[in-house]
Amino acid sequence: MTLKESQKVRTRFAPSPTGPLHIGGLRTALYAYLYAKRHQGDFLLRIEDTDQNRLVEGSYEIIVESLKWCGINLDESPENPGKFGPYIQSQRKEIYQKEIQKLLENGSAYYAFDSEEEIQAFRERTKSENNGFSLPYNFQTRNTMKNSLTMSDREVAEAIKTLPYVIRLKIDAHNDVSFYDEIRGEMHFDAAQLDDRVLMKSDGMPTYHFANVVDDHLMEITHVIRGEEWLNSTAHHILLYKAFGWEPPVFAHLPLILKPEGQGKLSKRDAEAAGFPIYCVAWQNPSTLEISDGYREKGFLPEAFINFMALLGWNDGTETEIMNLETLIKRFSLDRVHKSGAKFNYEKALWFNQQYILNLPDEKLLEELEGHLDKNRCIITSENLIHYVRTYKPRIQFISEISSIGDYLLYPIEKMDLETFGKKWSPDFLSYIQEFTALIQNTAFELLEEANKALINSHQLKMGQIMPILRLLLSGTTQGPSIYEQIQILGAKNAIQRLNEIPKI
RNA sequence: GCUCCGUUCGUCUAACGGUUAGGACUCAAGAUUUUCAUUCUUGCAAUAGGGGUUCGAUUCCCCUACGGAGUACCA
């Protein structure tokens with residue numbers, strides 16, 4: 001909005017590698033991606049690993065793999081760098097060291113030498129004057145602390161050599177900040193409520209706030225699209241841009257994804273309790289060895305998953321719900337993103353998946369089936385597998401189910417419902433069955449149903465009587481597709497063989 | 001506590017200040033099917049509460065209630 005029209009749109013996803021990509025992060029990435037692509041821009045991945053203590057091994061790989069599975073392409077990333085690298089913050093230390101000097105020099109930042117204990121004491125001390133909540137370290141309180149604003153130049157020079165220190169952003173009474181959020185609208189913060197946030201930690205690493213602002217500027221990010229949890233800190237970020245004399249990017253703060261029951265942000269616990277995955281792809285925690293399910297492994301189609309996620313907090317204003325990535329890109333806009341959080345609805349995610357499965361070309365499903373088929377045991381000819389796929393497509397919820405849902409047709413029958421068979425069976429059926437098998441042998445598949453109805457009539461049998469028996473003989477169960485579809489899948493030879501194997505009761 | 005944000009069917013959501021408040025998921029009933037699934041039809045179900053402004057408020061303003069986020073040398 002404040003940016004020149006000519007500037008190329010660049011958005012980024014900037015996770016910290018503390019675990020796999022969960023659905024909240026995925027949606028943030030998705031929106032940033034959609035926005036960039038909508039405007040023919042670039043989308044890049046930057047890893048924010050400034051807190052080395054929280055790193056979890058393998059996070060980076062799984063984040064990249066998750067994005068890839070979802071079809072979200074990275075124009076620039078650590079392994080595919082553009083001209084703005086490195087794309088991993090821990091490798092950009094010198095850059096931050098250099099940039100912080102500018103702020104120190106122009107007086108926007110200052111050294112603070114307060115020890116952990118002193119900060120703790122400060123908090124305890126100020127609690128009494130603020131309803132049990134400690135006062136912020138800011139222009140109203142910093143004069144009571146040990147920092148380069150309260151010490152002489154000599155003391156400071158000495159302290160820098162001997163004491164651990166942090167560098168804080170200097171915010172003064174006149175630093176009220178206003179900015180426009182693409183989703184929330186006009187925002188305003190009073191300087192008095194802002195703290196002099198730490199920019200550089202005592203270990204020499206930047207904090208999120210500093211690294212983020214520096215990198216977004218250096219990487220020419222035009223639109224910062226991120227979660228609502230950053231809304232309050234944006235005031236600090238704006239002040240940082242000002243301190244540098246840089247033009248801030250456009251900000252857009254996304255609403256949170258809430259737990260399905262009750263209230264609050266969706267957590268791993270909630271998802272597990274409700275029985276749905278929270279991660280895009282499955283993941284094993286390297287320290288606890290705990291394995292978490294993923295949408296990919298569960299049998300979701302990435303297109304369905306993306307479609308569902310996109311609609312959690314955004315819609316295009318029409319009644320269209322089924323939209324592939326390409327359509328989403330065409331229709332996405334930040335001004336139709338909601339302000340309030342959305343409860344996660346797994347039922348609806350399942351529905352999307354089913355819709356996408358229904359629309360899947362038979363060949364795709366066939367591939368999936370063939371990938372998991374036990375070819376040695378399979379009794380179906382490869383030409384007939386396509387019938388199997390067509391028949392079972394509307395009956396599965398997850399793509400992974402295709403190889404197991406009709407196992408009684410693919411392989412020899414393992415479970416025969418003898419109890420029902422015993423109840424329904426009558427030796428009078430034998431002559432009918434004999435004629436029916438002959439019918440199968442001599443009748444084109446398309447005519448079989450009509451012919452069989454006539455046959456049943458001529459034997460003076462009722463559909464409800466004989467059908468369950470045929471089902472049982474063909475598949476071992478009374479449920480499932482029509483017997484004609486089953487016969488088509490099995491092929492005449494298999495079908496006749498099964499019909500002739502009458503269980504002894 | 002303080003700061004910021006939010007509130008339409010159970011859920012996701014639509015509605016230039018004027019609609020019988022629309023759609024989707026779920027659920028229920030029905031049609032189709034020998035059964036299951038798909039498909040189709042129908043039904044149930046909402047503007048948090050209270051004040052304004054207005055001829056008229058889901059829509060604008062205020063208050064209350066409720067919910068969320070932030071309030072770290074974590075991101």
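Okay, Asp 374 and Arg 377: their side chains meet in a salt bridge, at 3.8 Å from N to O. Keep in mind that this is a predicted model. Asp 374 has a relative accessible area of 29%, so we call it partly exposed, and Arg 377, at 36%, counts as partly exposed too. Elsewhere, salt bridges with shared partners link Arg 12, Arg 46, Glu 48, Arg 92, Asp 215 and Asp 216 into one network. How many salt bridges does the structure hold? There are 32.

Let me pick out another couple. Asp 316 and Arg 331 meet through their side chains, 2.7 Å from N to O. Asp 316 sits in the loop between α10 (302–310) and α11 (325–331), while Arg 331 belongs to helix α11, so this salt bridge ties together parts that are 15 residues apart in sequence. Is Asp 316 buried or exposed? Its relative accessibility is 14%, and since the cut-off for buried is under 20%, Asp 316 counts as buried. Arg 331 comes out at 36%, partly exposed.

Then there's Lys 102 with Glu 99, a salt bridge of 2.9 Å from N to O. Both of these lie in helix α3, three residues apart, which is about one turn of the helix. And why does that spacing work? With 3.6 residues a turn, residues three or four places apart in an α-helix point the same way. Glu 99 is buried at 5% relative accessible area, whereas Lys 102 is partly exposed at 38%.

Staying with α3 for a second: this helix covers residues 93–105 and lies across β3, β4 and β7, running at about 130° to β7. Those strands make an open sheet of three, in the order β3-β4-β7, with antiparallel pairing. On the edges we have β3 (109–112) and β7 (198–200), each pairing on one side only. From one strand to the next, the twist averages 45°. If you want to look at the β3 and β4 pairing, four bridges join β3 to β4, residues 166–169, and Ala 109 stands opposite Leu 169 in β4.

Last stop, helix α2, residues 59–70. At 1.5 Å a residue, its 12 residues should span 16 Å, and the end C-alpha atoms are 17 Å apart, so that agrees. How many of the 12 residues in α2 are buried? Nine, which leaves the helix mostly covered. Among them are Tyr 60, Ile 62, Ile 63, Val 64, Leu 67 and Trp 69. Right after α2 comes Gly 71, with a positive phi near 85°.

Notes
Residues are numbered from 1 along each chain as its sequence is written. Chains are lettered from A and ligands numbered from 1 in the order in which they are written. This is a predicted model: local features need pLDDT of at least 70, side-chain atom pairs count only at pLDDT 80 or more; totals for chains, interfaces and linings use all residues. Side-chain values use heavy atoms; hydrogens and water are left out. Two strands pair if DSSP finds at least two bridges between them. Helices (H or I, at least four residues) and strands (E, at least two) are DSSP runs, numbered from the N terminus. Axes are lines fitted to C-alpha atoms, for helices over the stretch in contact, and angles run from 0 to 180 degrees between N-to-C directions. Contact means heavy atoms within 4.5 Å. The expected span of a helix is 1.5 Å times one less than its number of residues. Buried means under 20% relative accessible area, exposed over 50%, partly exposed in between (1.4 Å probe, protein chains only). A salt bridge is a side-chain nitrogen of Lys or Arg within 4 Å of a carboxyl oxygen of Asp or Glu.
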